[in-house]
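The following exchange asks how certain descriptive terms are justified for one structure. Each reply sets a computed value against the criterion for the term.

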Amino acid sequence: MREAEVEFFLARQSAPWARPQGIGSVVGAWAESKTRSDGFTLNQVLPPRAAKTVALPEGLLPGVRQALASRGITELYTHQRVAFDFAVSGRDVVVATPTASGKSLCYNLPVLDRLSKMKDARALFLFPTKALARDQEVALREMMDAAGIEGAAITYDGDTPPDARRAARHRSGVLLTNPDMLHAGVLPHHTAWARFFANLHFVVIDELHMYRGIFGSHLANVVRRLLRVAQFHGSAPIFLTSSATIGNPTEHASRLLGREVALVDESGAPTGPRRVMVYNPPIVNRALGMRASYVKSAVGLAADLVRAGVSTLVFGQSRNQVEVMLKYLRDALDEAYIDDASIQGYRGGYLPDTRRRIEQGLRAGEVRCVVATNALELGIDIGALDAVVCAGYPGSLAALWQRFGRSGRRQEESLALFVASSQALDQYFAGSPQEILDAPVEQARIDPDNVEILVQHLKCAAFELPFEEGEAFGNVPEASVHDALEFLAQHQVLHAVQGRGERQVYHWSGDVYPANQVSLRNVGWDNFAIIDVELTKTIAEMDFRSTHTMLHEQAIYQHDGRQYQVERLDYENHKAFVRRVEPDYYTTALTNVRVSVLEEEAHDRLDFGNGVYLMAGLGVVNVVEKVIGFKKIKFHTHENIGYGEVQLPEIQKPTTAFWLTIPEDVLERTEAPRAVVMDALNGVGHALHMMGAIGLMTDPRDLGRTLVDEPAIGEDLGRPSEIPGVGRPFEPTLYIYDTVAGGIGLAPRLFVERRTLLRRAGQLVARCRCEDGCPACIGPRGAMSPSSPRSFSHKPVVLRLLGLLGLSSDEAPAWT
């Protein structure tokens with residue numbers, strides 16, 4: 001530890017009763033610290049905003065008014081009143097206002113109003129997680145009781161006991177569930193819910209921004225099935241939806257529901273002052289562009305806040321990282337006599353009782369700090385928090401502001417702190433921090449008509465109710481529905497019989513209901529149980545995809561700050577057997593990705609005017625992912641102390657991809673060895689991936705990339721795939737693909753914007769001041785291939801390659 005760090009450390013070790021308290025004291029100490037102050041690239045206080053209120057609607061019955069008064073509500077924020085007026089007039093609504101603006105009342109009040117006036121009315125509430133549904137059940141039940149409304153509010157999910165399930169079917173005024181349960185547990189058995197569906201007035205979909213990609217595409221089809229069942233039972237429900245701030249709330253809600261919606265996006269809720277800060281850890285290796293560990297930096301800053309009595313929520317990027325930070329934070333706060341029980345972790349995989357205990361501890365003030373994954377981004381009631389620390393960029397500005405919004409639920413000053421990692425987007429926003437405040441937030445994208453998803457839900461819908469020829473399915477064209485039904489009939493999944501007149505009727509012909517075989521999240525039905533062999537009890541669970549990287553044999557599985565080694569993975573029976581250990585390291589998986597083209601849909605020869613060209617393509621590809629090994633990373637120092645092999649099956653998925661093939665004669669002009677050229681192209685791929693995510697305003701994890709040393713499709717590129725007597729030409733191909741199986745439309749947009757994407761990537765590299773690559777442009781030098789000559793400087797090769805293609809200009813066009 002350097003002298004200045006020792007001085008800072010000792011200065012804050014005063015007795016607890018004399019230690020400065022509050023956000024102001026911590027921020028002041030950071031400003032005075034030589035080791036901290038230089039790292040802050042943004043320190044701006046957003047001003048408070050006064051409330052805009054209106055009177056309660058005149059038509060509310062006394063019981064509902066009393067229920068609101070019991071919660072201290074005597075008037076509404078303007079956006080709550082606008083949403084109410086839309087709802088009671090029969091309009092579908094999407095409310096897209098910031099976190100903690102009172103969105104829950106936007107849908108709760110119309111439902112309470114209707115239930116108080118119509119005894120048989122029913123409402124269905126959908127939440128993306130079981131935990132959120134349970135949390136909202138308590139609040140809604142209290143309001144219904146206070147209003148004297150007889151119908152019960154019941155959560156219906158996998159944890160609901162049989163007696164409560166029967167009560168939900170027959171007596172619930174409000175049914176709270178999640179899309180998975182609606183899909184597999186309610187719609188296939190809709191005849192048992194006949195009374196509920198016949199009286200269904202409202203469908204509430206909360207946290208609409210969470211339904212993006214494949215999950216959102218599935219939900220759009222579940223909504224199509226829900227409307228079909230409701231129509232059969234004689235109801236036409238109104239949809240009330242809410243979302244965190246996203247770039248396209250109206251478009252997203254309309255696409256998900258298949259019909260037009262009214263937008264409410266001007267919040268009338270007050271906010272206290274919010275201090276937004278960005279911290280970029282110091283550079284530790286200028287040649288590689290590497291910075292000090294952002295994980296350890298975030299832990300240190302969070303520890304400062306907790307010592308000063310600031311209730312803090314720390315967001316990590318993954319389950320593994322959350323457990324590492326939890327251990328570090330507890331170690332750091334030992335000297336302040338802060339009990340481990342007041343510092344908790346919160347992530348997927350924790351059992352429901354554990355999560356609820358932590359939530360209650362936060363509300364009661366017994367838990368002073370929580371380290372969490374995005375599981376706490378959602379609107380679960382955890383009381384008032386003073387500070388949020390985001391360790392790493394969560395992938396989108398929408399997600400970042402959703403996390404920031406978890407603090408400041410009082411009218412006092414709150415703190416929102418982003419700690420940048422060495423990754424490309426982190427460094428982009430650390431270098432241009434004003435973008436966090438000024439840039440438009442990302443758009444949520446779904447593709448409900450993805451053929452693979454649509455066909456699965458047509459099967460489910462046919463099981464629920466036979467299809468009559470000419471019948472529509474939501475807003476899917478009748479011709480498309482007919483073609484899909486005929487396809488299923490030809491494969492004997494459906495059985496076509498003569499119906500009324502000349503029309504065919506398609507019936508389900510299988511022995512089991514198909515919804516049980518369709519996962520809305522591609523992982524929901526494949527969870528692995530994690531069993532402690534010493535206690536012979538299940539301590540957690542994990543989804544199918546994460547199991548490959550976190551529960552392979554010899555992996556160090558981390559849970560609640562403790563370490564367990566995986567002794568055996570029973571792949572067939574979905575069980576992982578672990579034993580408690582105390583290692584000085586954790587593990588991280590190594591994954592290999594292969595891509596092969598299944599079908600080319602479009603291609604283009606890109607000539608930038610200097611006699612050389614690229615071949616661009618778009619099509620369907622097969623992505624094969626395989627975990628091939630793991631690294632052992634030492635705690636605290638983060639040094640690599642060993643490797644291990646992993647033997648697990650491959651994971652395959654078809655998706656859409658955009659690709660670029662670089663001709664051999666262009667690469668020869670770089671005058672660099674082949675290994676260096678491949679590393680340079682990896683650097684170009686790094687820049688393309690980053691600028692693609694920024695240009696599309698999407699989470700970079702929605703895009704995957706890989707590089708192969710051969711053309712995508714030999715003959716279609718206008719050159720033979722192999723030259724007689726010479727062999728296959730050296731014409732590498734860069735692939736950027738949708739990580740969601742089947743694709744959600746990102747790769748096609750990149751193909752449309754291919755010229756702009758290339759020019760903006762060239763601009764990014766040309767403007768970066770690093771000498772030989774860094775995370776902000778082409779990736780660090782240390783990420784290059786081991787076979788690449790260390791004497792070669794890679795960034796000049798990238799610039800030479802871009803120059804040959806005419807892409808190294810400082811000027812780049814805007815996205816269309």
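Q: How do the contacts in the protein divide by distance along the chain, and what share comes from residues 24 or more positions apart?
A: The model is predicted. Among contacts with a separation of 6 or more, 73% join residues 24 or more positions apart. The protein has 25 helices and 32 strands, and buried residues account for 55% of its 816 residues.

Q: Why are helices α10 and α11 called oblique to each other?
A: Helix α10 (residues 213–233) and helix α11 (residues 249–257) pack at an angle of about 50 degrees, their axes being 7 Å apart. Angles under 35 degrees count as roughly parallel and those from 65 to 115 as roughly perpendicular. The angle of about 50 degrees falls in neither range, and α10 and α11 are therefore oblique.

Q: Which residues make the contact between α10 and α11, and what is its composition by class?
A: From α10, Gly216, Leu219, Ala220, Val223 and Leu227 meet Arg255, Leu256 and Leu257 of α11. By class, this contact of α10 with α11 has 6 nonpolar, 1 polar and 1 charged residues.

Q: What makes tryptophan 30 a buried residue?
A: Buried means under 20% relative accessible area. Tryptophan 30, found in helix α2 (residues 23–32), has a value of 1% and is therefore buried. Not counting residues up to four places away in sequence, tryptophan 30 touches Arg36, Ser37, Phe40, Met277, Leu301, Asp304, Leu305, Leu415 and Leu417. Of these, leucine 301 is 271 residues from tryptophan 30 in sequence, with a C-alpha to C-alpha distance of 8.9 Å.

Q: What is the extent of the largest nonpolar core, and which residues have the most contacts inside it?
A: The largest nonpolar core has 127 residues, and those with the most contacts inside it are Trp30, Leu329, Val370, Phe404, Leu417, Phe418 and Leu688. Helix α22 (residues 674–696) contributes the largest share of this core, 12 residues. A second, separate core has 37 residues, including Leu56, Leu105, Phe127 and Leu132. In soluble globular proteins, nonpolar side chains tend to be buried together.

Q: Which residues are in contact with phenylalanine 418, leaving aside its neighbours within four places in sequence?
A: Phenylalanine 418 is in contact with Met277, Val278, Tyr279, Cys390, Gly392, Tyr393, Leu400, Phe404, Asp426, Phe429 and Ile436.

Q: Why is helix α16 described as largely enclosed by the rest of the structure?
A: Helix α16 (residues 424–431) has 8 residues, of which 6 are buried, so the description applies. The buried residues are Ala424, Leu425, Asp426, Gln427, Phe429 and Ala430.

Q: How do you know that aspartate 113 and lysine 117 form a salt bridge?
A: The criterion is a side-chain nitrogen of Lys or Arg within 4 Å of a carboxyl oxygen of Asp or Glu. For aspartate 113 and lysine 117 the N to O distance is 3.0 Å, so the criterion is met. Both residues lie in helix α5 (residues 103–117), 4 residues apart, about one turn of the helix. Aspartate 113 counts as buried at 5% relative accessibility, whereas lysine 117, at 44%, counts as partly exposed.

Q: What parts of the chain does the salt bridge of lysine 119 with glutamate 150 tie together?
A: The closest N and O atoms of lysine 119 and glutamate 150 are 3.7 Å apart. Lysine 119 lies in the loop between α5 and β5, and glutamate 150 in the loop between α6 and β6, so the pair ties together parts 31 residues apart in sequence. Exposed means over 50% relative accessible area; lysine 119 counts as exposed at 67%, and glutamate 150 counts as exposed at 67%.

Q: Are aspartate 304 and arginine 307 buried or exposed?
A: Aspartate 304 has 7% relative accessibility and counts as buried; arginine 307 has 6% and also counts as buried. Their side chains meet in a salt bridge (3.2 Å, N to O), and Arg36, Asp304 and Arg307 are linked in a network of salt bridges.

Methods
Residues are numbered from 1 along each chain as its sequence is written. This is a predicted model: local features need pLDDT of at least 70, side-chain atom pairs count only at pLDDT 80 or more; totals for chains, interfaces and linings use all residues. Side-chain values use heavy atoms; hydrogens and water are left out. Axes are lines fitted to C-alpha atoms, for helices over the stretch in contact, and angles run from 0 to 180 degrees between N-to-C directions. Helices (H or I, at least four residues) and strands (E, at least two) are DSSP runs, numbered from the N terminus. Angles under 35 degrees count as roughly parallel, over 145 as roughly antiparallel, 65 to 115 as roughly perpendicular and the rest as oblique. Contact means heavy atoms within 4.5 Å. Ala, Val, Leu, Ile, Met, Phe, Trp, Tyr, Cys and Pro count as nonpolar, Asp, Glu, Lys and Arg as charged, and the others, Gly among them, as polar. A nonpolar core is a set of buried Ala, Val, Leu, Ile, Met, Phe, Trp, Tyr and Cys residues joined through side-chain atoms within 4.5 Å. Buried means under 20% relative accessible area, exposed over 50%, partly exposed in between (1.4 Å probe, protein chains only).
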